[in-house]
Amino acid sequence: MFSRKKNSQASVSSDMANKQKRYEVLVLALHNDIFRYACWLVKNKTVAEDIVQETFLRAWKSLDSLKDEKAAKSWLITILRRENARRFERKRFDLVDIDDVSVIDDQLSNEVEIEHRELRAIMASLSEEYREPLMLQIIFGYSGDEIAQQLNLNKNTVMTRLFRARNQVKEALDKTNDNWGRTNG
Amino acid sequence: MDELEFRRTLYADPNCTDDVVLAAIADDPKKQEFYKELKQLNKKMQNASQVKVPDDFVHKLIMRQTMQSHKSNKTRHSIQLAMAASVAFVVGMSFTMWQQSNLLDLSKQAIAHVHYEGGYALDAQENFSLQQVNAKLAQFGGEFTEELGHVYYANFCDFEKVRSLHMVMQGENGKVSVFVIPHDDTHNARNSASGKGYKSQAIDVKGASIVVVGEEDANVQKMKEQLKRKIRFSA
């Protein structure tokens, strides 16, 4: 009786070790991109950290339901988006709306830094429906089809939004460049 | 593919690998320029999107889950351990108590013996010599090394299934009964008792227990010490 119990316990703990291993691989491979995506989604680093932690906690709990490691990325994004939506359910009036994304720090050379800051402000100012597909494309390298699947949208809609997103970025950039030229000249 | 569609397609995906688009780029230097610019912008956007991830973040993510799974494991183990410990504790305690309650209290038993026996031994008026007493005590491997005074009675008796030497001697204030009882695991000779007009004290010496029973005014303590001094066991 005792030896049988011991065996089953041993296999439980080896299952546990396997799960732990799988989880760690998942975290190491994807936490950077997931965190960045969360940052762009909520535009606040602290909130993004919280959401990503929640996301990985949920991922850990239901890791058994992830059959194919290749699907891990979109699985995590789905969890993340759900967590983000949950945040709005919980705190309807506590919306974070930081447009300048000043929380994003970097140690680049000044010129590049200014350019990046500008670009970040512009990307952050895009409305969510444009920002989200754009970031899926930029951060995860998703194709139009993959974005459509992830966001549960029609592909044409996705392509239109991507076009408009870049168009807005370009226009905003041209505008600031004009301003620069005008103020400098 | 007209100009607008071309721009739309590339704006939507600067890394587009559509043959028609690629062919259009190859054919037109202006389109090539546009394509290059757009690629550059995309690269910049990509760089700008690389938010710095906190250094300890990955550890936070891993540690938190590890701790959670360990915590649930640990609570289960500690509950099992606590249950095993408390079962062991109860078993140990009850065994000890059961054993103690089963120990035969020699001093009490001796009083009961004397009381039950009545005058059979106490009324004896013989005079045993030291040799005679020692001859009996030799059965237990012991002897008295000094005179004991007047010994009215000395014989074997059954002391709760243990064969013992029962003597009646002259004490300071009247007769006292003395039992020499070979050691037994179930005996407890470390106390005194009183009742039914008697009092008694027991003591362990090497090889046997000695119990002295006297009437309430008798100095059993003194008699006990004397006997302890006088008795010797060879083994």
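Trainee: Leaving aside its neighbours within four places in sequence, which residues is A:A38 in contact with?

Mentor: They are A:A48, A:I51, A:V52 and A:L80. Contact here means that the C-beta atoms of two residues, placed from the backbone, lie within 7 Å. Before we go on, note that this is a predicted model, where local features need pLDDT of at least 70 and side-chain atom pairs count only at pLDDT 80 or more, while totals for chains, interfaces and linings use all residues. Residues are numbered from 1 along each chain as its sequence is written, with chains lettered from A and ligands numbered from 1 in the order in which they are written.

Trainee: What makes the set around A:Y37, A:A38 and A:L80 a nonpolar core?

Mentor: A nonpolar core is a set of buried Ala, Val, Leu, Ile, Met, Phe, Trp, Tyr and Cys residues joined through C-beta atoms within 7 Å. Buried means 20 or more other C-beta atoms within 10 Å of a residue's own (12 or fewer is exposed, in between is partly exposed). The largest such core has 47 residues, and A:Y37, A:A38 and A:L80 have the most contacts inside it. Helix α1(A) gives the most to this core, 11 residues. Another core, of 35 residues, lies apart from it and includes B:V180 and B:A193.

Trainee: Why are α5(A) and α3(B) called roughly perpendicular?

Mentor: Helix α5 (residues 128-140) of chain A packs on helix α3 (residues 29-49) of chain B at about 90 degrees, with the axes 9 Å apart. Roughly perpendicular covers 65 to 115 degrees (under 35 is roughly parallel, over 145 roughly antiparallel, the rest oblique), so the pair earns that name.

Trainee: Which residues make that contact?

Mentor: On α5(A) they are A:M135, A:I138 and A:I139, and on α3(B) they are B:M45, B:Q46 and B:S49. By class, 4 are nonpolar, 2 polar and none charged.

Trainee: How many residues does each chain bring to the wider contact between A and B?

Mentor: Chain A brings 36 residues and chain B brings 24. On the chain A side, α1(A) supplies the largest share, 12 residues.

Trainee: How do you know that β7(B) and β8(B) are paired?

Mentor: Pairing asks for at least two bridges found by DSSP. Strands β7 (residues 192-195) and β8 (residues 198-205) of chain B have 4 bridges, in the antiparallel sense. B:A193 stands opposite B:S200. The two strands form a hairpin with 2 residues between them, and B:K196 in the turn has a positive phi of about 55 degrees.

Methods:
Axes are lines fitted to C-alpha atoms, for helices over the stretch in contact, and angles run from 0 to 180 degrees between N-to-C directions. Ala, Val, Leu, Ile, Met, Phe, Trp, Tyr, Cys and Pro count as nonpolar, Asp, Glu, Lys and Arg as charged, and the others, Gly among them, as polar.
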